[in-house]
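Below is a colleague's note on one protein chain, set out as numbered points. Please read it with the sequence and the structure at hand.

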Amino acid sequence: MVRNKSGFITGDTPKPKTYEKKIEAWIIDNHRVKSWLIDSMSPPLVCRFIRLQTSAEIWEAVSKTFYDGTNETQLFELSRGSFTTRQNGRSLSTYYNELVSIFQKIDTRLTAQGDTDTIAQTVSLNKTIAHLTIHIFLAGLDPELNQYRSEIFRKDPVLDLDSCYAYIRKDQNQRQTMDEVKHEPDSVVHLASRNRPMKEKHSKGKGTTFTCTHCGEAGHSKLRCYEIIGYSNWWDFTKKNMKENKPSCYGNLV
């Protein structure tokens with residue numbers, strides 16, 4: 001307590017007699033401590049305790065109302081918080097850290113109570129709590145992660161809470177990486193296929209890539225077709241690879 005005022009709360013600094021000189025100083029200090037207590041309360045509680053005369057009276061009334069001596073009320077609130085906490089679309093790490101914080105507070109209060117008298121009882125209680133924390137953690141996962149429950153329950157030996165979290169997180173990261181690779185445009189393959197030289201289509205052993213759209217013969221394009229541009233003087237019209245006994249337009253110039 002600030003400036004040695006704890007006695008006003010515990011009652012170790014009793015109110016002096018009215019005729020004593022230090023009564024005024026005590027009244028001032030009592031009102032100061034009383035204001036500290038009242039200012040820390042919510043408005044509904046202020047109305048409930050502000051009429052009490054001394055700081056010790058306020059502290060005693062608050063203790064009787066909200067503290068039963070065994071932390072049972074706080075323990076109940078923590079337990080209820082652990083059962084009602086859900087992932088709700090948040091990241092796995094955020095949800096996990098919130099639950100672990102609650103579990104640590106529960107563990108601290110149970111340890112402080114000292115309800116177990118023997119080592120065997122303590123070990124048994126710790127195992128029960130460990131299993132319970134795992135079940136609470138798995139129950140609060142988002143629906144798309146429900147598949148991990150049966151996977152974790154099949155593990156032998158049984159995973160602890162930290163191992164469950166690590167298992168799900170690792171598998172999630174692997175799945176995310178695979179999904180990114182699966183849906184990523186294959187730019188490397190696309191670029192390679194675009195820059196790759198076109199395979200020449202061999203037609204009947206000619207080893208050429210052009211087929212004239214005018215005469216239908218392979219070996220030249222329409223721009224080099226002799227039927228359009230005319231035959232050279234050296235062309236041998238006795239060749240027999242003509243259609244319908246017409247002079248062939250086949251040329252070995254492309």
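1. Cys-225 counts as buried, because its relative accessibility is 0% and the cut-off for buried is under 20%. The model is a predicted one, and the count of disulfides in it comes to 0. Cys-225 is accordingly in no disulfide; the nearest cysteine sulfur belongs to Cys-212 and is 3.8 Å away. A disulfide would need the two sulfur atoms within 2.5 Å.

2. A residue that follows in sequence is Glu-227, found in helix H11, which covers residues 226–229. Is Glu-227 buried, exposed or partly exposed? With a relative accessible area of 40%, Glu-227 is partly exposed, since that class lies between the 20% and 50% limits. Its C-alpha atom is 8.5 Å from that of His-214, and the two residues are 13 apart in sequence.

3. As for the chain as a whole, it has 11 helices and 0 strands. Read from the N terminus, the order of elements is α-α-α-α-α-α-α-α-α-α-α. The chain has 254 residues, and 26% of them count as buried. Its accessible surface comes to about 18600 Å², with 55% of that belonging to carbon and sulfur atoms. Among contacts between residues at least 6 apart in sequence, 48% join residues at least 24 apart.

4. Cys-164 lies in helix H9. Its relative accessible area is 0%, so Cys-164 is buried. Leaving out residues up to four places away in sequence, Cys-164 touches Ile-134, Phe-137, Ile-152 and Leu-159. The C-alpha atoms of Cys-164 and Tyr-148 are separated by 9.0 Å, with the two positions 16 residues apart along the chain counted as their spacing.

5. Tyr-95 is found in helix H6. Why does Tyr-95 count as buried? The reason is its relative accessible area of 0%, because buried means under 20%. Apart from neighbours within four places in sequence, Tyr-95 is in contact with Thr-85, Arg-86, Gln-87, Arg-90, Ile-136, Phe-137, Gly-140 and Leu-141. Two of these contact residues also appear in polar pairs with the Tyr-95 side chain: the backbone oxygen of Phe-137 is reached at 2.7 Å, and the backbone nitrogen of Gly-140 lies 3.4 Å from a polar atom of that side chain. Leu-141 is 46 residues from Tyr-95 in sequence, yet their C-alpha atoms are 8.4 Å apart.

6. The largest pocket has a volume of about 440 Å³. The elements giving two or more residues to its lining are helix H5 (72–84), helix H6 (92–113), helix H7 (119–139) and helix H9 (161–183). Which of the elements gives the most to the lining? That is H7, with 9 residues. The lining has 22 residues in total, and those nearest the centre of the pocket are Phe-103, Ile-106, Ile-129, Ala-130 and Thr-133.

7. Two points of backbone geometry deserve a look. Most residues other than glycine have a negative phi, and most peptide bonds are trans. Asn-88 is not a glycine, and its phi is positive, near 50°. Asn-88 lies in the loop between H5 and H6 and is exposed, as its relative accessible area is 63%. The other point is the peptide bond joining Asp-156 and Pro-157, which is cis, with omega about 5°. Pro-157 has its place in the loop between helix H8 (147–153) and H9.

8. Thr-54 is the last residue to check. Where does Thr-54 lie? Its place is the loop between helix H3 (43–49) and helix H4 (55–66). Thr-54 counts as buried because its relative accessibility is 19%, and the cut-off is under 20%. The side chain of Thr-54 reaches the backbone nitrogen of Glu-57 at 3.1 Å. Setting aside neighbours within four places in sequence, Thr-54 is in contact with Trp-26 and Asn-30.

Technical notes. Residues are numbered from 1 along each chain as its sequence is written. This is a predicted model: local features need pLDDT of at least 70, side-chain atom pairs count only at pLDDT 80 or more; totals for chains, interfaces and linings use all residues. Side-chain values use heavy atoms; hydrogens and water are left out. Helices (H or I, at least four residues) and strands (E, at least two) are DSSP runs, numbered from the N terminus. Buried means under 20% relative accessible area, exposed over 50%, partly exposed in between (1.4 Å probe, protein chains only). A polar contact is a pair of N or O atoms within 3.5 Å; within protein, one must be able to donate a hydrogen and the other to accept it, and residues adjacent in sequence count only if both atoms are side-chain atoms. Contact means heavy atoms within 4.5 Å. Accessible areas come from the Shrake-Rupley method with a 1.4 Å probe; for residues, only the protein chains shown count as cover. On a 1 Å grid over the protein atoms alone, a cavity is a set of points where a 1.4 Å probe fits but cannot get out, and a pocket is an open set with protein on both sides within 12 Å along at least five of seven lines; lining residues have an atom within 4 Å of a point. Grid points are joined across faces, edges and corners, and a volume is the space filled by probe spheres set on the points.
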